[in-house]
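Student: Could you please take a close look at the aromatic rings of this structure and at the surroundings in which they sit? I should like one connected account rather than separate remarks.

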Amino acid sequence: MANFIERTLEQGEEVVFQGRLHWTYNWKWTFCGIIMTILGVLGMLSNAIFTYNQESGDGGGVYILCILAIIIGIAMIGWGYFIRSKTEFAITGSRFIQKDGIFNIKMTEIPLFKVETVNFYQTLFQRMLGTGTIELVGSGGTSHQVHYV
């Protein structure tokens with residue numbers, strides 16, 4: 001998972017903890033993809049029933065749209081999981097590292113000796129799903145939040 005982070009480690013530095021984002025990170029993509037796929041399947045079924053009752057064999061355009069909806073739905077689900085897999089974070093013996101992005105990479109690095117406070121935030125809904133937000137507050141008041149942990 002942490003290929004990018006492992007390449008950025010300094011000589012003699014080891015990863016103490018590797019984390020990944022919770023599955024709810026990509027819930028919007030998954031939800032929309034499932035709805036799109038279901039609509040495509042239902043459209044194909046209803047079109048098959050309608051054309052069977054009408055005995056008119058014309059429904060090829062609707063089938064193409066339904067197949068397109070299914071393909072887009074599956075692609076949306078895959079894209080959401082791909083985005084989730086491209087966010088990495090880890091704690092080494094000396095620093096916290098987070099890498100975000102697919103094409104444009106954003107890397108956040110905080111030395112552990114600069115971290116003054118670690119806060120954890122969790123709503124009732126997040127508690128039921130087993131996720132939350134971690135905030136690292138560094139010296140000077142700077143903070144960094146990791147959502148969907």
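Tutor: Two rings of Phe, Tyr or Trp count as an aromatic pair if their centres lie within 6.5 Å, with the six-membered ring used for Trp. The model considered here is a predicted one. Searching the whole structure by this rule gives 3 aromatic pairs. One of them joins Y25 and Y148, whose ring centres are 5.4 Å apart and whose planes stand at 80° to each other. Planes over 60 degrees apart count as edge-to-face, so the pair of Y25 and Y148 belongs to that class. The two partners come from distant parts of the chain: Y25 is in the loop between β1 and α2, Y148 is in the segment after β7 (143-146), and 123 residues separate them.

Are these two tyrosines buried, exposed or partly exposed? Y25 has a relative accessibility of 31% and is therefore partly exposed. Y148 is also partly exposed, because its relative accessible area is 28%. A second pair is formed by F89 and F96; their ring centres are 6.4 Å apart and their planes meet at 35°, so this pair is tilted. In contrast to the tyrosines, both F89 and F96 are buried.

Y148 deserves a further remark about its backbone. Most residues other than glycine have a negative phi. Y148 has a positive phi, near 60°, although the residue is not glycine.

Let us now turn to the neighbour of Y25 in the sequence. T24 lies in the loop between β1 (15-19) and α2 (27-54). Its relative accessibility is 6%; buried means under 20%, so T24 counts as buried. Leaving aside residues up to four places away in sequence, T24 touches L129, T131 and Y148. T24 and these three residues also appear in the lining of the second largest pocket, together with W23, W27, F125 and Q126. That pocket holds about 150 Å³ of space. Helix α4 (residues 124-129) contributes the most to this lining, with 3 residues. In character, the lining comprises 5 nonpolar residues, 3 polar ones and no charged ones. Y148 thus takes part in the pair with Y25, in a contact with T24 and in the lining of this pocket.

The phenylalanine pair leads to another space. F89 and F96 are among the residues that line the largest pocket, as are F17, I91, L112 and V115. The rest of this lining consists of V118, I134, L136, V146 and V149. Strands β2 (88-92), β5 (115-121) and β6 (133-138) each give two or more residues to it. The space in the largest pocket is about 180 Å³. What is the character of the residues in the lining of the largest pocket? They are 11 nonpolar residues, with no polar and no charged ones. The two linings may therefore be set side by side: 3 polar residues occur in that of the second largest pocket, whereas the largest pocket has none, since Gly and the other polar types do not occur in its lining.

Methods:
Residues numbered from 1 in each chain as written. Predicted model: local features only at pLDDT ≥ 70, side-chain atom pairs only at ≥ 80, totals over all residues. Heavy atoms only, no water. Helix = DSSP H or I, 4+ residues; strand = E, 2+ residues; numbered from the N terminus. Buried < 20%, exposed > 50% of the residue type's maximum accessible area, 1.4 Å probe, protein only. Contact = heavy atoms within 4.5 Å. 1 Å grid on protein atoms, 1.4 Å probe; cavity = no way out; pocket = protein on both sides within 12 Å on 5 of 7 lines; lining within 4 Å. Points joined across faces, edges and corners; volume = space filled by probe spheres on them. Phe/Tyr/Trp six-rings, centres within 6.5 Å; stacked < 30°, edge-to-face > 60°.
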